[in-house]
Amino acid sequence: MKQFNAELSFPLYLFSALIGTDGCITEIDKGLGFALNFRRIQEYGEDELKIVIAHEFFHVYQHDLQKNENQGPRLERGIFAEGWATYASSIISPGYPDWKYISYSKKDDQQYKEFQKYQKEIASEFLRLLNSDKYEDYRRFFNADVQYSKPWPPRSGYFLGYTVAKNLERKMKPKDIALMKYSEFQKILKGELENLAK
């Protein structure tokens, strides 16, 4: 991963399952790698595959980078992991519009416009629940299923995290944002979400 001066060697698995995700990090034989859901990714074009692989690749790298530092509430860890992997995918595979990194499985920016429309409400609700460890709260922001995310589009936590990271570019270099330690992230998250909620 030349953008971060990193070299990683890890397994990649293809699997076929009836789960909603297209990829995830996984531990097999005590080694961390990532798996791609063949049922989903066979529908993707080259652009979508680049983004998905960059996203999952960064999850593995971030896991190694953070070690055991990212100990916090489930929602806070979620916005860091998913938001930062979404942001890092824009560094690893540049050249696409913002909406594509969040809604890469979509053919247009309609979902992204919905995120923007509800940004204040999504950020306010995330702030209210920021210290939550409840799975149902996590699922509301990070699941791809619309039945859990209503009234917002699914994966709104990805949008929030990506937007927080992008907004940091006004004072930090992209590489430094992507490689931010979890302890640093915790210090800035509340203020950044408050700005999005205004």
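Select Phe126, Tyr138, Phe141, Phe142, Trp152 and Tyr158 together, and in this predicted model you will have a single aromatic cluster on screen. Within that cluster, turn to Tyr138 and Phe142, whose rings form a stacked pair with 4.7 Å between their centres and 25° between their planes. Both residues belong to helix α7, which covers residues 135-142, and they stand 4 residues apart, about one turn of the helix. Colouring by accessibility separates the two partners: Tyr138 is partly exposed because its relative accessible area of 22% falls between the 20% and 50% limits, whereas Phe142, at 6%, is buried.

Keep Tyr158 selected and add Arg155, since the charged end of Arg155 sits over the ring of Tyr158, 3.9 Å from the ring centre.

A search of the whole structure gives 17 aromatic pairs, and the next one to select is Phe115 with Phe159, a stacked pair whose centres are 5.0 Å apart and whose planes differ by 10°. This pair links distant parts of the chain, with Phe115 in helix α5 (residues 110-117) and Phe159 in helix α9 (residues 156-167), 44 residues apart. If you display the surface here, note that Phe115 and Phe159 are both buried.

Stay with helix α9 and bring up helix α11 beside it: the two pack at an angle of about 100°, their axes being 10 Å apart. An angle from 65 to 115 degrees counts as roughly perpendicular, and α9 and α11 are therefore described in that way. To see the contact itself, show the side chains of Leu160, Thr163, Val164 and Asn167 on α9 together with Ile188, Glu192, Leu193 and Leu196 on α11.

Glu192, one of the α11 residues in that contact, also leads to the charged pairs. Side chains of opposite charge can pair when their charged atoms come close. Select Arg170 alongside Glu192 and you will find a salt bridge in which the closest N and O atoms are 2.9 Å apart. Here again distant parts of the chain are linked, as Glu192 lies in helix α11 (residues 182-196) and Arg170 in the loop between α9 and α10, with 22 residues separating them. How buried or exposed are Glu192 and Arg170? Glu192 is buried, with a relative accessible area of 5%, while Arg170 counts as exposed at 52%.

From Arg170, move to Glu169 and Lys166, whose side chains meet in a salt bridge with an N to O distance of 3.7 Å. Glu169 is partly exposed at 32% relative accessibility, and Lys166 is likewise partly exposed, at 27%. Adding Asp98 to the selection completes a network of salt bridges that links Asp98, Lys166 and Glu169.

For the last stop, select Arg128 and Glu125, a further salt bridge among the 10 that the structure holds. The closest N and O atoms of Arg128 and Glu125 are 2.8 Å apart, and both residues lie in helix α6 (residues 119-128), 3 residues apart, which is about one turn of the helix. The two ends of this bridge fall in opposite accessibility classes: Arg128 counts as exposed because its 59% is over the 50% limit, and Glu125 counts as buried because its 15% is under the 20% limit.

Notes. Residues numbered from 1 in each chain as written. Predicted model: local features only at pLDDT ≥ 70, side-chain atom pairs only at ≥ 80, totals over all residues. Heavy atoms only, no water. Phe/Tyr/Trp six-rings, centres within 6.5 Å; stacked < 30°, edge-to-face > 60°. Buried < 20%, exposed > 50% of the residue type's maximum accessible area, 1.4 Å probe, protein only. Lys NZ or Arg CZ within 6 Å of the ring centre and 35° of its normal. Salt bridge = Lys/Arg side-chain N within 4 Å of Asp/Glu carboxyl O. Axes fitted to C-alpha atoms, helices over the stretch in contact; angles between N-to-C directions. Parallel < 35°, antiparallel > 145°, perpendicular 65-115°, else oblique. Contact = heavy atoms within 4.5 Å.
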